[in-house]
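This report goes through selected features of one structure, from a small sheet to the nonpolar cores, the surroundings of the RNA and a single residue. The sequence and structure come first.

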Amino acid sequence: MPTTDFSRPYDPSEVEPRWRALELGSTWYAAHDGGDPAQAFSIAIPPPNVTGSLHMGHALMLTIQDSIVRHARMSGRNTLWLPGVDHAGIATQIVVERELKREGVSRHDLGREAFIERVWEWKARSGGRIFEQLKVMGSSVDWPRAKFTMDPDMSRAVREAFVRLYEQGLIYRANRLVNWSIKAQTVISDLEVEREEADPSKPNSELFSFAYLLADGSGEIVVATTRPETMVGDTAIAVHPDDPRYKHLIGREVQHPFVDRRIPIVGDGELADPTKGTGAVKVTPAHDFNDYECGKRQGLPMINILNLDGTLNAEAGRFAGMDRFVAREAVKAALAEAGLARGSVPHAIPYARCQRTHDILEPLLLPQWYVSMKPLAEPAIRAVEEGRTVFAPEEWTKTFMHWMTNIQDWCISRQLWWGHQVPAWYCKGCGGTVVSREDPTACTACGSAAIERDPDVLDTWFSSALWPFATLGWPDATPALQTFYPTSVMETGFDILFFWVARMLMMGLHFVGDVPFRRVLLHGMVCDETGSKMSKVKGNVIDPLDLIHGATLQEIVAHASGSAPFDEGLKKFRTAYPSVSAMAEGFPAFGADAVRFYLASHPPQSRKINLHLSRLQGYRDFCNKIWNATRFALTHIGDVGPRTQRVAPESDAERWILSRLAYTIEAANRGVAEFRLDEATAAIYQFFWYELCDWFLELCKPVFEGGDTPAARSHRATLAHCLESAHRLLHPFMPHLSSECWSHLPENTRLAADGTLPETLALAPYPGASDATRDEPAERRIGTLQAVIEGARRICAELGIRAAGAITVIVRTADPEARAVLEAGEAQVLRLVRAKELVHAPVTDARPSGAAFGVAAGVEILIPIAGHIDAAAQSQRLATDIAKATKESTGLAKRLGNADYVSRAPADVVAKDRARLDELNDKVQRLQAAVALLGEVAG
RNA sequence: GCGGGCAUAACUCAGCGGUAGAGUGCGUCCUUCACACGGACGAAGUCGCAGGUUCAAAUCCUGCUGCCCGCACCA
């Protein structure tokens, strides 16, 4: 058993690493293949990039998943949380190329094979970082099953999937216009295109107009463009067929000024918009998506003018060899020189950029591999319609459906070296294509040995789409696949709903014949305090490890804004986190548990989680509270008997706390089941702090001080049980702290129902209905006790009565139950009000003058303070109380006076109102009597 | 342009038919023997605006206003 000096305050940096080490040396989180699949529970982790390091988004995802997973495990499910990383094609290649650049070589100097070897080397060296960081969060994954998308078995699955889809005609190669990233030197899919917002008030470009001369010299036609350099690839000018300005020109030709080409004027109602520009538009089918469609409609030639490096090719004539942006200026100058320029105006356009490199994409005509999506989408749509996969929050269903029904074919080939190489070979002999599970040595069609493999690799998302089943051994029908597929839950950020979730769903249905997951939980994005997305540019990035371990201001700012100067970074940081004024010393070590509890406390429908450090601090305080309450309780519960021998609770206080526990258990289980971790954590927080600590512990104190009585023994057993249950409730959210505290509890309290001692809290049963029962009468009686204590405290606070331990509290009530409660709880009342004596007086007695007065739960509370009473203050607070009660009772009376209400509203609602009205009237009457008495004294 | 979401206390957010809740913050008090990363008490909200449905609306419906996010946006 771990030991510690149990010092205060709670120090997560001492406890958490110790538990991490214990977990890693254990087999606690090992799932077993086989058994009843209905008892299995599994989540496939969304694999982070090997290149990545932990960010707040990961922390959120790990928190949610681990909480759900630990809850399932404690609930007796055969639980698998399978970890892994993906190879992140572009990102990884960029990282390694950057490293090579520092050594003065390029990947082309190295050659493909050596480069790939180099990436593996890099992966062996730095690829494990993200796993280490996962461990810091307390993630209870099954480490021996960890997968990497480039592992041999995973690669085999990818190849199998590709070949099958090809054989089924669902993968094909086509020469189409694609998005080319010059910086990344690869094609990307349409989903990876990032569109800048075009703000007309902030032009980011210019609209340049120039004239084409009609070939017969009879005039000119003016077109406008934001990309003048593309005019060397123009193969038509389109006008609207109904446009009176140009109608007559359709069918005629213009002479290209720079290349030897005549181009036609065509009528195209889809492309040309008479209200835009001059109404005439140049058509460059090989370099613009709209023009491409027009080109296909009109049967225009498609002339590629670009090299892959962004320079213009031979088709560009005198502009050949120039970079696209250099050529743009050159073309403009040349047009001006030729007298064809017709002016320019500032213009705002939505640049299409590469999501990863952010360079402006070039539409380019290139042969690529595609997956035909429509046939795959249909079963997925049906699965969601039929509820075989359910989204949470459910609003995402609509978004999902909208995208799925308008789905486009997926371009899956990438011009990279790092990744799964396309298993296609082209025959130089017959021109055929061989797609094969095994590397072929000859063309299957003509037998020629002159075959060459397609150099491209597959989109990383293609392998990710196979993740939930490939990680379980597919294409083999392994025991793991049979036990854990379909997985129970897919939990990830809503931003990759299309990239990943939709594609997994389609592939799972297609290859395994069932959905890959039963439920999908989509979480939001962690933002800074002001709601801005975290980015180094904004200087508002917070490294979760800094929150967990603590960090100096220098470290925080360095992580927030990268390489920016400290002062500048600090300024940005303070802007992003305005409430953090006392940040001069940096972050304290909040600990992983506090970070987790904080992240879990947000409802899933929040699209943004604004990082509020003060709230995080509140949860660190909560950790400290748990620690100290446990420490204190342990001094009293050291010798409790086994839970199975626990006698029935002796007092209302015990029945009350057990009832509250029962309610909390219900709320916690419901919260997890419904993916409302915010409700589960709130219920546990409420129970532990306000009910267990503020009330029950305090109610216990006078009992414990009375020596080893039967009452004390009973209270000790109840306290032990509640505390032990509370740690079990807490465990999915705060694994380290709860495990540590639980390990210190007496063995007897930790025994499972069958009498055995669980090896650790993570393997103990999650609290359920058998752990505590609701007790409404006890709740009502303790409610009375609390109301009287609070009423007395309020009188003292408001009248400034400070005589600690010296006051007498007189209570008067005609209600026998209330009287019994107060008699039984006398010691508690005295302690919690800090009074020296509690006197029960008959309601029929004349009220003593010179006593502070209040009414709570139908009980009159009198605190005699003759000679010290501040008549003005007393009278004022009585007046306030009367006003408050009268206002409420007037409203109630009015409503009860409404015949429609009384006849139509449910009887219990009306009865409740009547009772409340009676209580209020009674209260007002008593308060008024007190005012009268005050008047007598004053007069 | 199409679709979706959000507007509740100073801040961050719950509640989604029975006359407002939490955390933080704020004010007053407390060196009470688990915890000042604590305790007690308190102040604080026309629940975006305007209509409608209902005995009853922050909660359901319609419209408006203001933010946010997808998709499509070409010269």
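In this predicted model, three strands make up an open sheet with antiparallel pairing, in the order S21-S20-S22. The edges are taken by strand S21 (433–435) and strand S22 (451–453); each has a single partner strand, so one side of each has no neighbour in the sheet. From one strand to the next, the twist averages 25 degrees. Three bridges join strand S20 (residues 424–427) to S21 in the antiparallel sense. One residue pair can be named here: tryptophan 425 has valine 434 in S21 as its bridge partner.

The nonpolar cores come next. The largest one has 217 residues, and Val788, Val809, Ile861 and Ile863 have the most contacts inside it. H22 supplies the largest share of this core, 13 residues. A second core, separate from it, has 36 residues, among them Val223, Val239, Ile303 and Val331.

Which residues does valine 809 touch, not counting those up to four places away in sequence? They are Ala792, Val829, Val833, Ala835, Leu838, Ile861 and Ile863. Two of these names, Ile861 and Ile863, also appear with Val809 among the core residues with the most contacts.

RNA strand B is surrounded by 63 residues, of which Asp273, Lys276, Val281, Phe632 and Gly891 are the closest. Several elements give two or more residues to the surface near RNA strand B, including strand S9 (220–225), strand S27 (608–610), helix H20 (613–634), helix H22 (677–705) and helix H29 (871–896). The largest share of that surface, 11 residues, comes from H20. H22 is thus named both for its share of the largest core and among the elements near the RNA strand. The table gives the make-up of this surface by class.

| Class near RNA strand B | Count |
|---|---|
| Nonpolar | 23 residues |
| Polar | 16 residues |
| Charged | 24 residues |

Helix H30 (899–904) is another of the elements that give two or more residues to the surface near RNA strand B. The last residue taken up here is valine 910, located in helix H31 (residues 907–938). Is valine 910 buried, exposed or partly exposed? Valine 910 has 16 C-beta neighbours inside 10 Å and therefore counts as partly exposed. Apart from neighbours within four places in sequence, valine 910 is in contact with Val902 and Ala905. Leucine 896 is 14 residues from valine 910 along the chain, and their C-alpha atoms are separated by 7.6 Å.

Conventions. Residues numbered from 1 in each chain as written. Chains lettered and ligands numbered in written order. Predicted model: local features only at pLDDT ≥ 70, side-chain atom pairs only at ≥ 80, totals over all residues. Helix = DSSP H or I, 4+ residues; strand = E, 2+ residues; numbered from the N terminus. Buried ≥ 20, exposed ≤ 12 C-beta atoms within 10 Å, placed from the backbone. Contact = placed C-beta atoms within 7 Å. Near = placed C-beta within 6 Å. Nonpolar A, V, L, I, M, F, W, Y, C, P; charged D, E, K, R; others polar. Pairing = 2+ DSSP bridges. Axes fitted to C-alpha atoms, helices over the stretch in contact; angles between N-to-C directions. Core = buried A, V, L, I, M, F, W, Y, C linked by C-beta atoms within 7 Å.
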